[in-house]
Amino acid sequence: MDCQPNSPEARDKKYHMHAYTNARRHQEVGPLIIEKGDGIYVEDISGKRYIEAMAGLWSVGVGFSEKRLVDAATRQMSKLPYYHSFTHKGHSPLIDLAEKLVSMAPVPMSKAFFTNSGSEANDTAMKMIWFRSNALGQPQRKKIISRKRAYHGVTIASASLTGLPNNHLSFDLPIANVLHTSSPHHWREALPGETEQEFSTRLADDLEKLILAEGPETIAAMFGEPVMGAGGVVVPPAGYWEKIQAVLKKYDILLVADEVICGFGRTGNMFGSETYAMRPDIMVMSKQISSSYLPISALMINDKVFEPIADESNRIGTFGHGFTAGGHPVAAAVALENLKIIEERNLVANAREVGAHMQKRLAKLVSHDLVGEVRGVALIGAMELVADKATKGPWGSVGALGGLVNGILQQNGIISRNMGDALAFCPPLIINDKQVDEIFDAVEKSLDEAAKQVKA
Ligand SMILES: Cc1ncc(COP(=O)(O)O)c(C=O)c1O
């Protein structure tokens, strides 16, 4: 790597602190600097091309060179580059997008509210839920249930909802009132011989026990990703959401579907909630809403949530929450055009059809010595690497093998992401079968190369 004093790599090390990075190690390894992108490909500063098999951060649904989004941004930027939604103000892109989202919702929704990131949207959901409990005269109903291995973001409340150690360690998180119930990962967590249905029943029992131990009258809501993403792509076991929702219904607990990854086609339906028959009261969306060309996120809330909040805002005089750039007109215009493209080009059907091919290629990997499990649905999947298939044990420390294979794969022109020893695949929704083959041919080759190093 070129590390001359004035190279971009050297300046990056000198001036830039990276997200989700070991800051000391970065001084040794330096950055991979991506310069441009087209379709499912990106190119680094040295001209090397990669397939972006993670669509960036699970987000660039329409690919990296969609001119229509550039034009939509330019048009809106020229007309009204900024406005907001505080104190009864509004603008057309926001109204159009709110109407569009509510019309797309798989269960009846009442209103959309706009934020800038998945984390902000989940924080907002939590604040809305607390505000609602107070509105209902139930100030004790403030506890929120999330799950181990969940990912809901990194701000103080959403990092608390996240159920991963690296988001809590040394940050003094989680905050009070956030509880984590069992992770739904069958391969790791099921008892010997336990079927997926039996496992789901046990998890629903765990949830009910937690609710009863804490006091049902103190629990306001449960958050869940239809398919867990950053926790290692955990697809819910058979019967899971049905059984979990039956418990929530019994104790009148709200369900928040975090659709930040699953939303807009990823699981082969417009929303993950459709794929898993979830009936959320709040839906949280980001990433593929604008293919991440610009930051924007949104919540949809049903009347059960909106009506008490409206009453409470009337009592107090306002709903004292909102972000300067929430629902930014340029981002909203881009999101609208992006949703149009997803619909016009049948990218949800493409996710289903090409996704079926991706799942076949993924399934083949399980015969490799280093692969313990593969999992996924439509265009999201993962392989979990092990050194020993019988014990499911890691190669040295957890994440070492994941890091090794991820590095080799990157050298072989594929960008994936290892979460511990799970390598994820979440390519742009525009991908075709041939390109999926390119990814998985490289994965097979990289696994063989890694196996040699592991043996050595
Ligand atoms: C399911 C889910 N929720 C929330 C977030 C947080 O989004 P952001 O990084 O935009 O804050 C993410 C990010 O990966 C996510 O995957």
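**Figure 1. Helices α5 and α13 cross in a left-handed sense.** This view, like those that follow, comes from a predicted model. Helix α5 spans residues 92–104, and helix α13 spans residues 329–344. They pack at an angle of about 40°. Their axes are 8 Å apart. From α5, the contact takes in Pro93, Leu94, Asp96, Leu97, Lys100, Leu101 and Met104. From α13, it takes in Pro329, Ala332, Ala333, Ala335, Leu336, Leu339 and Glu343. By class, 11 of the contact residues are nonpolar, none is polar and three are charged.

**Figure 2. Helices α9 and α10 meet in a right-handed crossing.** Helix α9 covers residues 196–214, and helix α10 covers residues 240–250. Their axes come within 8 Å and cross at roughly 20°. Angles under 35 degrees count as roughly parallel, so α9 and α10 are roughly parallel to each other. On the α9 side, look for Gln197, Ser200, Thr201, Leu203, Ala204, Leu207, Glu208 and Ile211. They meet Tyr240, Lys243, Ile244, Val247, Leu248 and Lys250 of α10. The contact of α9 with α10 holds eight nonpolar, three polar and three charged residues.

**Figure 3. Helix α14 passes helix α16 in a right-handed crossing.** Helix α14 runs over residues 347–364, and helix α16 over residues 433–455. The two axes come within 10 Å and cross at roughly 15°. The helices are therefore roughly parallel to each other. Helix α14 contributes Val354, His357, Met358, Arg361, Leu362 and Lys364 to the contact. Helix α16 contributes Asp433, Val436, Asp437, Phe440, Asp441 and Glu444. Six residues of this contact are charged, five are nonpolar and one is polar.

**Figure 4. Residues from several parts of the sequence surround the ligand, among them Ser117, Glu225 and Lys287.** Gly118, Ser119 and Asn122 are also around the ligand. So are Tyr151, His152 and Gly153. Asp258, Val260 and Ile261 complete the set. Three ligand distances can be picked out here. A ligand oxygen is 2.9 Å from a polar backbone atom of Gly118. At Ser119, a side-chain N or O atom is 2.5 Å from an oxygen of the ligand. At Tyr151, a polar backbone atom is 3.5 Å from a ligand nitrogen.

**Figure 5. The loops on either side of α7 hold a positive phi at Arg149 and a cis peptide bond at Pro174.** Most residues other than glycine have a negative phi, and most peptide bonds are trans. Arg149 has a phi near 75°. Arg149 lies in the loop between β5 (143–147) and α7. The cis bond joins Leu173 and Pro174, with omega about 5°. Pro174 is in the loop between α7 (156–161) and β6 (178–181).

**Figure 6. Gly39 sits in the loop between β1 and β2.** Strand β1 spans 34–38, and strand β2 spans 41–44. Leaving aside residues up to four places away in sequence, Gly39 touches Gly63, Phe64, Ser65 and Ile430. Glu225, one of the residues around the ligand, is 27 Å from Gly39, C-alpha to C-alpha. In sequence, Gly39 and Glu225 are 186 residues apart.

Methods: Residues numbered from 1 in each chain as written. Predicted model: local features only at pLDDT ≥ 70, side-chain atom pairs only at ≥ 80, totals over all residues. Heavy atoms only, no water. Axes fitted to C-alpha atoms, helices over the stretch in contact; angles between N-to-C directions. Helix = DSSP H or I, 4+ residues; strand = E, 2+ residues; numbered from the N terminus. Parallel < 35°, antiparallel > 145°, perpendicular 65-115°, else oblique. Left-handed = near helix turned anticlockwise from the far one by under 90°. Contact = heavy atoms within 4.5 Å. Nonpolar A, V, L, I, M, F, W, Y, C, P; charged D, E, K, R; others polar. Near = heavy atom within 4 Å. Polar contact = N/O pair within 3.5 Å; in protein donor to acceptor, adjacent residues only side chain to side chain.
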